Amino acid sequence: MIGTLEWTLLDGEHALLVKGDMRRARERFDHAYEQAEQRGEADALARAALGLGGMWVHEHRTAAAAATVRVRQRDALARLDAGSPLALRLRIRLAAEDDYRTGGQDAIMALVSEARAAGDPVALAEALGLAHHCVLGPDDGPRRMELARELVGVASRTGRRSDLLIGLLWRAVDLLMEADPHAERALGELRGTLDGEGQQAIESVAGAIEVMLSTRGGRFEHAEERAAACYERGLAAGDPEAPGRYVRQLAALRWYQGRIGELVPLLTDLLNSPVLPAMDDSPYAGLAVAAAVAGDRRLAECMLARLRRGVLADGPRTSTWLVSMYAIVEAADLLGDAELAARAAALLAPYAALPVMTSPGIVCLGSARHSLGVAAITTGDPGLAVAHLRRAVHENLALGHWPAVALSRARLGQALALRDGPRDEGARRQLALAAQEAQTLGMHVPAHVAERVTCRRAGPRWRVELGARTAFVDHCVGMLHLAALLASPGREIPAADLAAGSPDPVPAPAPVRRVLDGPAGLAYRNRLAQLDTEIAELEAAHQPRRAQERRAERDWLLAELASATGLASATGLTSATGVGGPPRTSGGSEERARTAVGKAIRRAVDRIAIADPVIGGELRATVRTGLRCSYDPD
C-alpha cells in the first residue's frame, strides 16, 4: 500500500512532468520534503529536493528562495550513496544552477559526459535539458543543437513524455535562433505532439514563440492579445518567467509601433524586480532606448553607464545578449554617441549572420546586420552602413520579419542619403518602400533622413549640417546670405534685402527701404527665435557647453545685425521677436545686388562642397539666386 509521503511525491511528479503545473508541483514537493526530513527517508528527501528544482533552471527567482532550495538539495545529496542515480541527478541539478548563475557551462557539460557513461537515461535526459539552458549564448548554436538532438533520442528510453517535449521544444528554439528555414516545421512537430494532452509549462513557451511569429508577421494586435493570454496562462501555471516574457514581447511591439517611450515606467519596474537573473542586463538596455526615445537623456545615459560594466565589458554571452546589443546601438544612435556605437559594433560583428533573438525564441528583432548598419551610420561611415543594411533587408525578408524589413529599408535609405545625398534615387526608393510597408503594417518608421541643410556660426567658422554630415567653412559674406536663406526654407528673399542685411553690404536699390521689415529681417528673427528655444532646451537638459555655443552664436548674430542696421550697439536687440533701433537705409541698383549676392552665395557653396561634396551638391540643387533668392529643399 502506497503511503502518504509516496502519494505526495507521485502527485508532485505528475504535476511537474505530465501537467507542467509548476505551482502545484512546488507545493507538493515542499510538503514531501518536510515529511521526508521528519522521517529521515533519504531517497524520498532526494526526490523532493530534485522536484523543487522544477523543469528549468533558476525557477526560484528570489535570493532567499534559491538559497533555501540549494541548501535542501545539498543536504539531500549528503545523505545519499555518492554513486547512486539520485545522487548523480542532484549533482546535475546543482551544477546547472551554478553554471547558469555565473554564465558558465563547464561543470554541467562534464556531468553530461558522466551521465552518458553511467547509462542512466533519466539522469542523462535531465543533464541534457538543463545543460541546454546554460549554452544559450550566440556562440553556442552547434552545441545546443547537438544537446537537443540527443535529448529527443534519449526520451525514447526514459518513458517520460516531458523529456520528448523538452527536446522538441529546444530543437525548434535552436533552429529559430539560427534562422533555419525549417524552424517552423520543427515548431509544428512540437504542436502536434502537444495536441490533446496539456503540458502547461511547454505550452506556455510554445505560446510565447507564437507571439513572436505574429509580431514578425506584422500582426501587432493579434500578437498583443496572445501575449496577454500567454502571460495569464504562465501565471496560472506558476511560471516565474511569465512576467519577464510579457514585458519583453510588449517592448518589441511598442518598438515597432514607435511607442517604446511609453514603457519607461514598466521597464523601470522590471529592472528593480528581484526575480530577474543576475546575468540578465537586457532590462538596462531596453530602458536606455526607451528613455532616449522619450527624451530623457539623463536616464538613458545612466542605463548605458551601467551596461559598460556588463555586456559592454566583453563578459559572458547570455540568451539576451543580442537583444541588449540591439538596444544599445539604437540608444547610441539616438544620443549621438559614436564611441559607444563603435564599441557595440565591434562586439556584435562576429554574430552578423544571426537574427537578434532572446531564448527561448520569444522575441526577434531581425538581422543583426541591421544593428551593424545603424552603428556605422552613427560613427559616420555611410558606405559601410549601406553594405550592412542591404544584407539586413534580404535577411529580414528571408525571416519573413516584415516590421524589421521596413526599419532596415528606412535605415538603408538614410545611409544612401548620407553617402550620395538626399536626392539620390536609390535613397528615395528605399525610403518610399519603407513608408509603404510601414503603412501596410500600421507601424511607425522614424524619418531618419534630414532633407534640410542647417548652419550656425561656430566662432570664426560656420558649421553646416545635413543629417549626420557636417562641414566647417570659414566665414565669408556669402555664408551670411546663405544662413538667412537656410533659416527660412521655401521663402523668397530679395537679393537687395540680403545685401543690405549683410555686414559687408553692396549697394541696395532705391527707394529707401527698411531692411529688417522684409523677408531677410524675418529670416534673421526666425534664427534668433530658434536659438532662444535651443538654449532653453539645452539648459533644461543640463548641457551647459552646448548651450554656451548657441548663446555665442546668438550674441554674434545680434552684433552683426546691430552693425547692419546702423546701431551703435546690440543693446536694442534683446530678443528674437523684436529688433531695436532704426534700420539702416540703403539705395542702389537691384541688378548690382543680384550679381554681388549671387557670386557671394556661389563662393560659399563652393567652399562647402570642398569640405563635404554631398552637402555642397544638395545646396547647388536647392539654392536659387537672382533678383529673389531662396532655399527650396522640397
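Student: Which residue forms a salt bridge with Arg423?
Tutor: This is a predicted model, where local features need pLDDT of at least 70 and side-chain atom pairs count only at pLDDT 80 or more, while totals for chains, interfaces and linings use all residues. Residues are numbered from 1 along each chain as its sequence is written, and side-chain values use heavy atoms, leaving out hydrogens and water. A salt bridge here is a side-chain nitrogen of Lys or Arg within 4 Å of a carboxyl oxygen of Asp or Glu. With the closest N and O atoms 3.3 Å apart, the partner of Arg423 is Glu618.

Student: How many residues apart in sequence are the parts that this pair ties together?
Tutor: Helices (DSSP runs of H or I, at least four residues) and strands (E, at least two) are numbered from the N terminus. Arg423 sits in the loop between helix 21 (402-420) and helix 22 (425-441), whereas Glu618 belongs to helix 28 (residues 613-622), so the separation of the tied parts is 195 residues.

Student: Is Glu618 buried or exposed?
Tutor: Buried means under 20% relative accessible area, exposed over 50%, and partly exposed in between (1.4 Å probe, protein chains only). Its partner Arg423, at 32%, is partly exposed. Glu618 has a relative accessible area of 3%, so it counts as buried.

Student: What about Arg259: which residue is its salt-bridge partner?
Tutor: Arg259 is partly exposed at 33% relative accessible area. The partner is partly exposed too, at 46%. The closest N and O atoms are 2.9 Å apart, and the residue is Glu262.

Student: How many bridges pair strand 4 with strand 5?
Tutor: Two strands pair if DSSP finds at least two bridges between them. Strands 3, 4 and 5 form an open antiparallel sheet in the order 3-4-5. Strand 3 (454-458) and strand 5 (469-474) are at the edges with a single partner strand each, so one side of each has no neighbour in the sheet. Between strand 4 (residues 461-466) and strand 5, the number of bridges is six.

Student: Which residue in strand 5 is the bridge partner of Val464?
Tutor: Strand 4 and strand 5 pair in the antiparallel sense. In strand 5, the bridge partner of Val464 is Ala471.

Student: Which helix packs on this sheet, touching strand 4 and strand 5?
Tutor: Contact means heavy atoms within 4.5 Å. Axes are lines fitted to C-alpha atoms, for helices over the stretch in contact, with angles from 0 to 180 degrees between N-to-C directions. The helix covers residues 590-611 and makes about 130° with the direction of strand 5: helix 27.
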